[in-house]
Amino acid sequence: MTTGAQTPAHPNARPRRSRLRTFLPLGLAAWLVLEIWLLTVVAGATSGFVVFLLLLAGFLLGSVVIKRAGRRAFQNLNEALQRGTPPSSGGGSGLMMLGGLLLMIPGLASDALGLLLLLPPVQKAVGRSAQRTVDRKLRTATPGTLGDAFQQARMHRPDGKVVQGEVIRHDERGEGEREQRPPLTP
C-alpha cells in the first residue's frame, strides 16, 4: 500500500527540516526571555505585588473571555442546528478564545497580544490573513500530504452539500471474487 509520499532518492537521506521546526524553539526561548525581562522591569519600577495583581487580573480576564467566547460559539452552533443550516464561520470565537488564552498565560507581552486579539478590527485582519494562508497552502498541497487530505475533504457540490461516494478499484480480482460491502447511507 502506498501513501503517495515521495520516497527519498538515497535510502539514508534525512528529510529536510521545515523552517517552523527550526525556528520555533528559538522563538519560544526569545519570547520567554522577553516575558521575564518585562516582569522584572515592571517589578523594579513598581513592586512585586503590583506584578502579581497584573498577572492575576490577566488570568481572571482571560478565563472570562474564554468562557464567553465558548458560550457564544455553542449558541451559534445550537441555533444553526435548530435552523437546519451549517454554522456560520463568522463571529471570531476562535480568535477570542486565543486572546483569552494569551491573557491567561503569565506575562505582560502575552497579555498585550491577547488584548489586541480581542479588538474586532484586529480579529478581522488576522482571520482574513489566516484564511488566505490556509487557502494558499491547500492549493499547493502535494498528493499524500495532510494538506491534500484537507483539500479532498473540502470538495463540495455547487449547492454546498458534501458528495459521498465509494471508490471502486478494478484490479486482478474476477467479478465472482468481489468483496461485498454495505451501501453508504446519506
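Start with the whole chain and colour it by burial: of the 186 residues of the protein, 13% count as buried. Bear in mind as you click around that this is a predicted model. Switch on a surface and you're looking at about 15300 Å² of exposed area, with carbon and sulfur atoms supplying 64% of it.

Now go to cartoon view. You'll find 6 helices and 0 strands, so to speak an α-α-α-α-α-α run when read from the N terminus on. If you plot a contact map, look at the pairs with a separation of 6 or more: residues 24 or more positions apart account for 48% of those contacts.

**Stop one: H1 against H4**

Select residues 19-45 for helix H1 and residues 108-117 for helix H4. What is the angle at which H1 and H4 pack? It comes out at about 100°, and the axes are 7 Å apart. H1 and H4 are therefore roughly perpendicular to each other, since 65 to 115 degrees is the range for that label. To see who makes the contact, show side chains on the H1 side for Trp 31, Leu 34, Glu 35, Leu 38, Leu 39 and Val 42. On the H4 side, add Leu 108, Ala 109, Ser 110 and Leu 113. Colour that set by class and you get 8 nonpolar residues, 1 polar and 1 charged.

**Stop two: zoom in on Ser 110**

Stay in helix H4 and centre on Ser 110. Is Ser 110 buried or exposed? Its relative accessibility is 1%, so Ser 110 counts as buried. Draw a distance from a polar atom of the Ser 110 side chain to the backbone oxygen of Gly 107, and you should read 3.2 Å. Then show what Ser 110 touches, skipping residues up to four places away in sequence: Trp 31, Glu 35, Leu 102, Leu 103 and Ile 105. Trp 31 and Glu 35 should look familiar, as both are on the H1 side of the contact with H4.

**Stop three: H1 against H2**

Keep H1 on screen and bring in helix H2, residues 48-83. This pair packs at an angle of about 130°, with axes 7 Å apart. That angle makes H1 oblique to H2. Which residues make the contact? Pick Leu 39, Val 42 and Ala 43 from H1, then Gly 48, Val 51, Leu 54 and Leu 55 from H2. By class, that contact has 6 nonpolar residues, 1 polar and no charged ones. Leu 39 and Val 42 of H1 belong to this contact, and they also belong to the one with H4.

**Stop four: Phe 74**

Slide along H2 to Phe 74. At 57% relative accessibility, Phe 74 counts as exposed, because the cut-off for that is over 50%. While you're there, measure C-alpha to C-alpha from Phe 74 to Ser 93: the two are 9.8 Å apart in space and 19 residues apart in sequence.

**Last stop: Gln 123**

Finish in helix H5, residues 120-139, by selecting Gln 123. With a relative accessibility of 11%, Gln 123 counts as buried, because the limit is under 20%. Where does the side chain of Gln 123 reach? Follow it to the backbone oxygen of Leu 117, at 3.0 Å.

Definitions and conventions
Residues numbered from 1 in each chain as written. Predicted model: local features only at pLDDT ≥ 70, side-chain atom pairs only at ≥ 80, totals over all residues. Heavy atoms only, no water. Axes fitted to C-alpha atoms, helices over the stretch in contact; angles between N-to-C directions. Helix = DSSP H or I, 4+ residues; strand = E, 2+ residues; numbered from the N terminus. Parallel < 35°, antiparallel > 145°, perpendicular 65-115°, else oblique. Contact = heavy atoms within 4.5 Å. Nonpolar A, V, L, I, M, F, W, Y, C, P; charged D, E, K, R; others polar. Buried < 20%, exposed > 50% of the residue type's maximum accessible area, 1.4 Å probe, protein only. Polar contact = N/O pair within 3.5 Å; in protein donor to acceptor, adjacent residues only side chain to side chain. Areas by Shrake-Rupley, 256 points an atom, 1.4 Å probe, with all protein chains shown as cover.
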